[in-house]
Amino acid sequence: MNKIFEKGGKLHWLHSTVDAFETFLHVPGTVTLKGAHVRDAIDLKRILIIVIVAAAPAALFGMWNVGYQHSLAIGNTGIDILGNFWYGFLKVLPLYVVSYVVGLGIEFAASQIRGEEVSEGFLVSGFFIPLIVPVDIPLWMLAIAVAFAVIFGKEVFGGTGMNIWNPALLTRAFLFFSYPNQMSGSNCWISLRPGETPVDGFTGATPLALDGAQAQYGTGFWDMFIGTVPGSVGETSVIAILIGAIILIWTGVASWKIMAGTVIGALAVGLIGDLAGISKVPCYMQLIYGGFAFGAVFMATDPVTSAQTECGKWIYGILIGALCLMVRLFNPGYVEGMMLAILFANSFAPLIDHIVVNSHISRKAKRLNAA
Amino acid sequence: MSNLKETILNPILKSNPITVLVLGICSSLAVTVQLKGACVMAISVIIVTGLSSFVASILRNTIPNRVRIIVQLVVVALMVILVDQILKAYMYTVEKQLSVYIGLIITNCIVMGRIEAFALGNKPIPSLLDGLANGVGYGLILVIVAFFRELIGSGTLFGFRVLPEGYVLNNLVILPPFALILLGCIIWAHRSFDKDLQEK
């Protein structure tokens, strides 16, 4: 690093920014001259890159699906994979630009004020944000939501690693409660060029809103599993998300216990709903509906906001799955419960860890006293 | 005289009941959706805190210590009922809009807190001023929060459309959680402004 950015240099106030660009995605080759440091190949930067690689299939599929849904909506049934992808890419790219420019801008400013290193934490949040919003969201709304989530969800708690709630989900929650008209219904999920109108009989409602029954493109199991249905950009394809899940579990970046717990919790409550005759679809279908898969794989497993203890991860996961299905089945107000369930479980993650650790201590103490 | 000045100015700035003592939060979340309601609420609380501190201070030497809380409650309840009846007579729609929150001024911690902490140990006139000033400190924050909530959430001020028609209303601001976030911002601003309030 140039000397003028060091302490006492003329441009020291820009230290964090320059440092961030110099160490972007990698650690520079400069080594400590004195003392021994145990180094492991895995660090924050590598973890974040793996998460982005894991989410890439969902993102790429999502871009294609945006174009595919657009073709369906205007009654164009020809198969044009590249054309669809290009249309979706051009639609999603502005979302990425807004998400990164606003989010990273605030992140840089906050780190600069605090005099800390800028960490790559927002790279992942910023990558997820466009994947969990409707493709047609106005960009200024997204900008406000990202600013809100980064300032009030992250920076006020102390920046990367200190946040209680997942910043990407907070962005979505802000949009969901602030602008419900732009975030639900059957108009927001399909993007149209100005002047285009959907063909007769086309509905852009998501399978979750339709209960999988009366959609015209047969929202059967395989449609939803492959992901050729309307929805937020990156959450429709269960296959793409499963590829991401395999990468995350194989590299050990995300906890398989949280994912498994989420599925178990959802199936348990879904089964109750089936037996009570409340749900309109069998419980296993709930796993491929809406944002469940994306939430369970990418959102719930966020290492900062999830439970840290091994037993706690099970409890945390089951809580998310069960709550999500409770909102879906027993609450007439909201169709989808994954976002609310994860944010709720985020708030309880520290409490779960506290109880797990304390019960462990008291169990050991009892054994010690008995001996 | 400087003592009297402190009595009046402290509750508004240095020991503001909402931003420093963090009292009366529930009502400030509930009644700040519209500026009009917040103003009426603020004035009601100013009157109640002022008059009940005044009356409690007059009675302070005759109240037996062991039953003082219940006597204070009677005094506060009397003032609240008076305010409520006046509002019902002259501002019926606003009273309906504020619903239970006028009645709940009785349980507002600021009123009882000022009687306990100040009125029982001071003469009537300083007590009256102290009560009024605390009400003003409370009302000030209420009006600031309501200003932003009505402006962003409804695009209006006192019911008049201020922002252009193209402005998309923000529904989150109408919900109580956002009032808490706004209060947090005000406390943040207040603390960074007043260095004495910062914890070391």
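Visitor: What phi does Gly155(B) take just after α8(B)?
Guide: A positive one, about 70°. This is a predicted model: local features need pLDDT of at least 70, side-chain atom pairs count only at pLDDT 80 or more, and totals for chains, interfaces and linings use all residues. Residues are numbered from 1 along each chain as its sequence is written, while chains are lettered from A and ligands numbered from 1 in the order in which they are written.

Visitor: How do you know that the length of helix α8 of chain B agrees with its residue count?
Guide: The expected span is 1.5 Å times one less than the number of residues. Helix α8 (residues 124-154) has 31 residues, so 45 Å is expected; its end C-alpha atoms are 43 Å apart, which agrees.

Visitor: What makes a run a helix or a strand?
Guide: Both are DSSP runs, numbered from the N terminus: H or I over at least four residues for a helix, E over at least two for a strand. Chain B has 9 helices and 2 strands. Their order is α-α-α-α-α-α-α-α-β-β-α.

Visitor: Why is chain B called as compact as a globular protein of its length?
Guide: The globule rule is 2.2 Å times the number of residues to the power 0.38, and the radius of gyration is taken over C-alpha atoms. For 200 residues the rule gives 16 Å; chain B has 18 Å, which is close, so the name fits.

Visitor: What makes two residues a contact?
Guide: Their C-beta atoms, placed from the backbone, lie within 7 Å. Chains A and B each bring 6 residues to their contact. Helix α6 (residues 167-178) of chain A gives the largest share of the chain A side, 3 residues.
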